[in-house]
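Q: Can you walk me through a few local features of this structure? Plain answers are fine.

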Amino acid sequence: MQKNKKPGMSRREYLKTALSGSIGMMVLPNIIPASVLGKNAPSNTIQIGQIGFGRIGMSHDLPDTMRFDSARVMAVCDVDSKRKEFGKQWIEKWYTEKKQKPNYVDVKMYDDYREMLMNPEIDAVIVSTPDHWHAQPAIEAAMAGKHIYLQKPAALTIAEGRAMSDAVHHSGVVFQIGSQQRSQNPWPQFKRACELVRNGRIGKLHTIKIGLPGDPGGEVEPEMAIPKTLNYEKWLGSTPYVYYTEKRVHPQVGFDRPGWLRCEQFGAGMITGWGAHHLDIAHWGMGTEYTGPIEIKCTAKFPTSGLWNVHGDFLAEAKYANGVNMMVSGEYPNGVRFEGSEGWIFVSRGNVGVTASDPGNAKNSTAFNASDAKILQSVIKPEEIHLYHSEDQHGNWLDCIRENKTTVAPVEVAHRSTSACLLIHAAMKLGRTLHWDPIRERFKNDDEANALLERPQRFPYGTAHAK
């Protein structure tokens, strides 16, 4: 691949934010040597390294990337050597069966993604890791000049997300977040709904209702011996040390939904799990992709015992400067409902899910509905707003790498969608109304809330600083 020039900023608002000095950077350990910064392998095929081989990597990110001839997955990294070795076998078998070429690729294996980033043959990486290992690999990949496909949510904290967005923009690499509801395959109804709303088909938008499932609590789990194949210290990363038990990490047999998704130490629960998808669609529909709410409040229930401690039932309200009021709760149907002065539009995935073990897949539900069927049949005229058209999320990323273009879900959009989720999570924890400045990315006159913009990181990991 040819070295990509830095893509141009697509929003004046982002430039205003960046130039205002509100952007912080993470202090990172073990920075990639300068000799590999910006290096791209000279090839007609995009050479890809897979960071994290688990449920999402195997069932979604890898097959949805490898089916494109422009991509060649040549490396895999995982802190669990059993998964790493299985990943190598799985990738090589996939290529053998699909391309009828037994020796199409000899997949390189890595225990540490930083070593992978030093390989000059690799053009890009897919990051399919637990949430607490999203921002840091993405930042270091950007510094190493590797293009990035990152699973949502973009980061564990708002400070991390800001640092990641800055690093990607500074490096000029092509970034895509896994907000696949923006692409036509397999859910074209989301873009269609957002275009109808943006073009006034329901009148003046005033309310958005988002349905998100919660997670149940769990039992107290006993301490277990750390599997010999797992580098548990590396898996924990910058988070505090806690004893190993299988339900805290991932299954040692199979690839079912991992337990870390229900531990606040490694994520925020379904508010970022599904919320990163649905709040992104809400932002797309009301044109607030590069900003955020100005007032947030939320009530939520949390488990009082057991290993799993992310939120359960909740009701959140977020107000935006454009006058729109966004409500988020598990009491609403899983999806996004836009309400305007002249009608409403509801959009969801229907009975389609990403993986069979995902909770909250609304079986046999209506994927696309409106107060009047004529709204859904409305034609968007040439002179009206037409949103970014992407046929496929992974394919769009690959195309943008080759053509030096901005993706359908670039890094600042990813950061802002995740930030809105994390703002609601902060309101869950504090139980009171919070006032947010989306330009400075700080809570107004609220030191307690601002302390939640980052999390303490144990040695030797860096500390994110929000300005």
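What follows is a short exchange about helices, their packing and some backbone details.

Q: What kind of model is this, and how are residues numbered?
A: This is a predicted model, in which local features need pLDDT of at least 70 and side-chain atom pairs count only at pLDDT 80 or more, while totals for chains, interfaces and linings use all residues. Residues are numbered from 1 along each chain as its sequence is written, and side-chain values use heavy atoms, with hydrogens and water left out.

Q: Start with α10. How many residues does it have?
A: Helix α10 covers residues 275-286, which is 12 residues. From first C-alpha to last it reaches 16 Å, close to the 16 Å expected at 1.5 Å a residue. The expected span is 1.5 Å times one less than the number of residues. Helices here are DSSP runs (H or I, at least four residues), strands are too (E, at least two), and both are numbered from the N terminus.

Q: Is α10 buried or exposed?
A: Buried: 12 of the 12 residues of α10 are, so the helix is largely enclosed by the rest of the structure. Buried means under 20% relative accessible area, exposed over 50%, and partly exposed in between, using a 1.4 Å probe and protein chains only. His277, His278 and Trp284 are among the buried residues.

Q: What covers it?
A: The cover of α10 includes the helices α7 (189-198), α9 (270-273) and α13 (411-430). It also includes the strands β7 (205-211), β10 (325-329) and β11 (335-340). Contact means heavy atoms within 4.5 Å.

Q: And right after α10, which residue has a positive phi?
A: Glycine 287, with a phi of about 70°.

Q: Back to α13. At what angle does α10 pack against α13?
A: The angle is about 115°, and the axes are 9 Å apart. Axes are lines fitted to C-alpha atoms, for helices over the stretch in contact, and angles run from 0 to 180 degrees between N-to-C directions. α10 and α13 are therefore roughly perpendicular to each other. Angles under 35 degrees count as roughly parallel, over 145 as roughly antiparallel, 65 to 115 as roughly perpendicular and the rest as oblique.

Q: Which residues meet there?
A: On the α10 side, Gly275, Ala276, Leu279, Asp280 and His283. On the α13 side, Val413, Arg416, Ser417, Ala420, Cys421 and Ile424. The residues of this contact of α10 with α13 divide into 6 nonpolar, 3 polar and 2 charged. Ala, Val, Leu, Ile, Met, Phe, Trp, Tyr, Cys and Pro count as nonpolar, Asp, Glu, Lys and Arg as charged, and the others, Gly among them, as polar.

Q: How do α5 and α6 pack?
A: Helix α5 (residues 135-143) packs with α6 at about 15°, with axes 8 Å apart. That makes α5 roughly parallel to α6. Ala135, Ala138, Ile139 and Ala142 of α5 make the contact with Glu160, Ala163, Met164, Ala167, Val168 and Ser171 of α6.

Q: New topic. Where are the cis bonds before proline 153 and proline 460?
A: One runs from lysine 152 to proline 153, with omega near -10°. Proline 153 is in the loop between β5 (147-150) and α6 (158-171). Another joins phenylalanine 459 and proline 460, with omega about 5°, and proline 460 is in the segment after α14 (447-450).

Q: What is the phi of glutamate 441?
A: Near 55°, a positive value in a residue other than glycine. Glutamate 441 lies in the loop between β14 (434-437) and β15 (442-443), and at 4% relative accessibility it counts as buried.

Q: And asparagine 445, buried or exposed?
A: Asparagine 445 is exposed, with a relative accessible area of 84%. Its phi is positive too, about 50°.
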